[in-house]
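Please walk through this structure with me, beginning where one chain meets the other and ending with the backbone details of the loops.

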There are 2 protein chains.
Amino acid sequence: MKTTIHAAILALMISGAAMAAEDPGISVSRPGDTPQTQGSAQLFSGEVLVGQLFRGTAPATISGGVVSFNASARTAWHTHPLGQTLYVISGNGRVQQWGKPVQEMKTGDIVLIPPGVKHWHGASATSAMSHLAFAEQLDGKVVTWMELVSDAQYLSEPSPK
Amino acid sequence: MKTTIHAAILALMISGAAMAAEDPGISVSRPGDTPQTQGSAQLFSGEVLVGQLFRGTAPATISGGVVSFNASARTAWHTHPLGQTLYVISGNGRVQQWGKPVQEMKTGDIVLIPPGVKHWHGASATSAMSHLAFAEQLDGKVVTWMELVSDAQYLSEPSPK
């Protein structure tokens, strides 16, 4: 599916998908249940696919989805008013907080991004990476998007761990 | 690690771990960074290990962790005031809402449990299962635990999907 969908990204990142408007009871969504959509070039660098969007039932405000990055692909710089959590499903990736060294992430890692912290995340330069991403809303807002990540920023030396 | 830790389960399920008391910036936690702890026999049936506990930075209320069930192991019946989300990392599992058929879940599935819904989740009878689990708090509370799941309840016929 090569459709570039701003709307789907917004559904994920801004207000969540409308899947749970009525209470369906417990729902189980499989990777193939809904098509993946391509990440907008305004919000991502490189090839990025978004799928398995989910949203909690109000008054919960959690929403998220699975985001898959080709090697070197990454988000733009952005912040979340209540922070964000990533779970690395497969591959190797990078995450960076503004003004700090890049940190590497690997399959099975859990990454905590605190509220209001300007950051980006994506694949490593040599490996694709897929992660589950989820965040709570504050006053109906879940993300503020900023500028794209330059190649120099993306390729900067990672911190040892 | 065979230590039975009520405290660790409570940290995960009730108020979250204290890992993020001060703002550490972006943190990356690896599967081996902290030992797994064994699930309490009051809250789980069978062999269950809990690890990679995380908690968002206030005012976020998200907390969670990775829970690994041996074949046939499962949680007790319980509810979450704002619901819970599961991401199946590996294996095959089962989830059931009170009064409804068991649903099967597989690697890569996302399971949404609405607020206040009495339910349990665990491995299938023949396969281990590991999932990421996370939930928001309401008034400082994230779970209400109830009775253990009987073998008859656990082994009831699943719904087709």
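Val28(A) has Val111(B) as its bridge partner in β10(B), and this bridge belongs to an antiparallel pairing in which β1(A) and strand β10 (residues 110–113) of chain B are joined over 3 bridges. Strands such as these (E, at least two residues), like helices (H or I, at least four residues), are DSSP runs numbered from the N terminus, and two strands are said to pair if DSSP finds at least two bridges between them. The model is a predicted one, in which local features need pLDDT of at least 70 and side-chain atom pairs count only at pLDDT 80 or more, while totals for chains, interfaces and linings use all residues. Residues are numbered from 1 along each chain as its sequence is written, and chains are lettered from A, with ligands numbered from 1, in the order in which they are written.

The strand pairing between the chains is accompanied by a wider set of contacts, a contact being counted if the C-beta atoms of two residues, placed from the backbone, lie within 7 Å. On this criterion 39 residues of chain A are in contact with 40 residues of chain B. The elements of chain A that give two or more residues to the side touching chain B are β1 (27–29), β4 (48–55), β8 (84–97), β9 (103–106), β10 (110–113) and β12 (129–135). Sorted by class, that side of chain A has 21 nonpolar, 12 polar and 6 charged residues, where Ala, Val, Leu, Ile, Met, Phe, Trp, Tyr, Cys and Pro count as nonpolar, Asp, Glu, Lys and Arg as charged, and the others, Gly among them, as polar.

How are the two chains related? A turn of 180° with a shift of 0.0 Å along the axis lays chain A on chain B with an RMSD of 0.0 Å, which is the relation of a two-fold axis; the superposition is by least squares on the C-alpha atoms of residues with pLDDT of at least 70 in both copies. Of the residues of chain A, Ile89(A) comes closest to this rotation axis, with its C-alpha at 3.7 Å. Because 100% of the interface residues of chain A are also interface residues in chain B, the copies meet through the same surface.

We turn next to the interior. A residue is called buried if 20 or more other C-beta atoms lie within 10 Å of its own, exposed if 12 or fewer do, and partly exposed in between, with C-beta atoms placed from the backbone. A nonpolar core is then a set of buried Ala, Val, Leu, Ile, Met, Phe, Trp, Tyr and Cys residues joined through C-beta atoms within 7 Å. The largest such core has 60 residues, and those with the most contacts inside it are Tyr87(A), Val111(A), Leu132(A), Tyr87(B), Val111(B) and Leu132(B). Tyr87(B), leaving aside its neighbours within four places in sequence, is in contact with Tyr87(A) and Leu132(A) as well as with Ile110(B), His131(B) and Leu132(B).

Strand β4 can be followed in both chains. In chain A, 7 of the 8 residues of β4(A) are buried, so that the strand is mostly covered. β4(A) runs antiparallel to strand β2 (residues 37–38) of chain A, to which 2 bridges join it, and Gln38(A) stands opposite Leu49(A) in β4(A). β4(A) is also antiparallel to strand β5 (residues 63–69) of chain A, with 6 bridges between them, and here Leu49(A) stands opposite Ser68(A). In chain B, Leu53(B) has its place in strand β4 (residues 48–55) and counts as buried because it has 23 C-beta neighbours inside 10 Å.

The loops bring us to the backbone itself. Most residues other than glycine have a negative phi, and most peptide bonds are trans. A cis peptide bond, with omega about 10°, joins Ala58(A) and Pro59(A), and Pro59(A) lies in the loop between β4 and β5 of chain A. In chain B a cis peptide bond joins Ala58(B) and Pro59(B), again with omega about 10°. Ser72(B), although not a glycine, has a positive phi of about 75°; it is found in the loop between β5 and β6 (74–75) of chain B and is partly exposed, because 19 C-beta neighbours lie inside 10 Å. Asp139(B), in the loop between β12 (129–135) and β13 (144–145) of chain B, has a positive phi near 50° and is exposed, with 7 other C-beta atoms within 10 Å.
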